[in-house]
Amino acid sequence: MHCILSVLVENRAGVLARISGLFSARGFNIQSLAVGETEDPTVSKMTIVVAGDDKIIEQVKKQLRKTIDVIKLKDLTKEDIIDRELVLCKVPLSKKADHKFQNTVKKYKAETLSSTKEYQILGLCADSKDISEFLKLIKEDGGFDITRTGKIAIAKLI
C-alpha cells in the first residue's frame, strides 16, 4: 500500500532536510517527493508518496504534524485526484527513423524539446502508469538517459 500526502510547509532553508530526516530517522522509505513554491512565496507544497501498512502511514502523518515547519497535511490517498509526473529522455537520433519508437512517441504524445546531430530530448507529462509504460517501451533498445520527477497531485474537490 502507498499513501499520497500533500504537505504545506514553510518555505525556508533546511525544511526539506528536516522532513526527509524525519523519514530516514524512522526508517520510512519515500517513494517519491516533489516540492515547489506555492502562490505564497513563504509557503511550499510537498507531494510525498510513502509505502507502508496502515500503522506506518499513521506514524508518518503523526510525525509530520509534529514538525514545526508543517503548516497543513492532507492525505490524498482516498481522494479523487489528478496526478502527474514528468520524464525527460535523451535518445540517440538514430531512433528517430525507428518506426516502433516513433509510434510509441506518438501514442504517448511525448514532445521533442531539443534536438542535436546525435540526440533528441523528449518530454512527457502524464500519470505514473503512462510514464512507466512509455519508459518500458522506449528502453527496450537500451542506451537512453532518463530523468523522472516524483508525483505531484491535487484533489479534484476542495
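In this predicted model, Lys109 sits in the loop that joins α3 (99–108) to β6 (111–115). Its backbone is a convenient place to enter the structure, since Lys109 carries a positive phi of about 55° without being a glycine. Most residues other than glycine have a negative phi. As for its surroundings, Lys109 has a relative accessible area of 71% and is therefore exposed, the threshold for that class being over 50%.

From this loop one can step back to the chain as a whole, whose secondary structure amounts to 4 helices and 9 strands. Read from the N terminus, these elements follow the order β-α-β-β-α-β-β-α-β-β-α-β-β. The C-alpha trace extends over about 55 × 35 × 35 Å along its principal axes. Of the 158 residues in the chain, 37% count as buried, while the accessible surface comes to about 9,700 Å², with 53% of that area belonging to carbon and sulfur atoms. How are the contacts distributed along the sequence? Taking those between residues at least 6 apart in sequence, 73% join residues that are at least 24 apart.

The aromatic side chains offer particular instances of pairing, and the count comes to 2 aromatic pairs. One of them is formed by Phe101 and Phe144, which are stacked, with 6.3 Å from centre to centre and 5° between the planes. Because Phe101 belongs to helix α3 whereas Phe144 belongs to the loop between α4 (128–138) and β8 (145–148), this pair ties together parts that are 43 residues apart in sequence. Are these two residues buried or exposed? Phe101 has a relative accessibility of 5% and so counts as buried, and Phe144, at 15%, likewise counts as buried.

Tyr108 and Phe134 also pair, their ring centres lying 5.7 Å apart and their planes standing at 65°, which means that the arrangement is edge-to-face. Here the partners come from two helices, Tyr108 from α3 and Phe134 from α4, so the pair ties together parts that are 26 residues apart in sequence. Both Tyr108 and Phe134 are buried.

The description now turns to the pockets. The largest pocket holds about 260 Å³ of space, and its lining consists of Ser6, Leu8, Lys45, Lys72, Leu73, Lys74, Leu76, Ala153, Ile154, Ala155, Leu157 and Ile158. Which elements supply at least two residues each to this lining? They are β1 (2–10), β4 (70–75) and β9 (152–155). By residue class, the lining of the largest pocket divides into 8 nonpolar, 1 polar and 3 charged residues.

The second largest pocket encloses about 170 Å³ of space, and it is lined by Ala34, Val35, Gly36, Lys45, Thr47, Ile82, Asp83, Arg84, Ile152, Ala153 and Ile154. Two or more of these lining residues come from each of β2 (30–37), β3 (43–51), β5 (81–92) and β9. In this second lining, 6 residues are nonpolar, 2 polar and 3 charged. When the two linings are set side by side, Lys45, Ala153 and Ile154 appear in both, and strand β9 gives at least two residues to the largest pocket as well as two or more to the second largest.

Definitions and conventions
Residues are numbered from 1 along each chain as its sequence is written. This is a predicted model: local features need pLDDT of at least 70, side-chain atom pairs count only at pLDDT 80 or more; totals for chains, interfaces and linings use all residues. Side-chain values use heavy atoms; hydrogens and water are left out. On a 1 Å grid over the protein atoms alone, a cavity is a set of points where a 1.4 Å probe fits but cannot get out, and a pocket is an open set with protein on both sides within 12 Å along at least five of seven lines; lining residues have an atom within 4 Å of a point. Grid points are joined across faces, edges and corners, and a volume is the space filled by probe spheres set on the points. Ala, Val, Leu, Ile, Met, Phe, Trp, Tyr, Cys and Pro count as nonpolar, Asp, Glu, Lys and Arg as charged, and the others, Gly among them, as polar. Buried means under 20% relative accessible area, exposed over 50%, partly exposed in between (1.4 Å probe, protein chains only). Contact means heavy atoms within 4.5 Å. Accessible areas come from the Shrake-Rupley method with a 1.4 Å probe; for residues, only the protein chains shown count as cover. Rings of Phe, Tyr and Trp (its six-membered ring) pair if their centres lie within 6.5 Å; planes under 30 degrees apart count as stacked, over 60 as edge-to-face and the rest as tilted.
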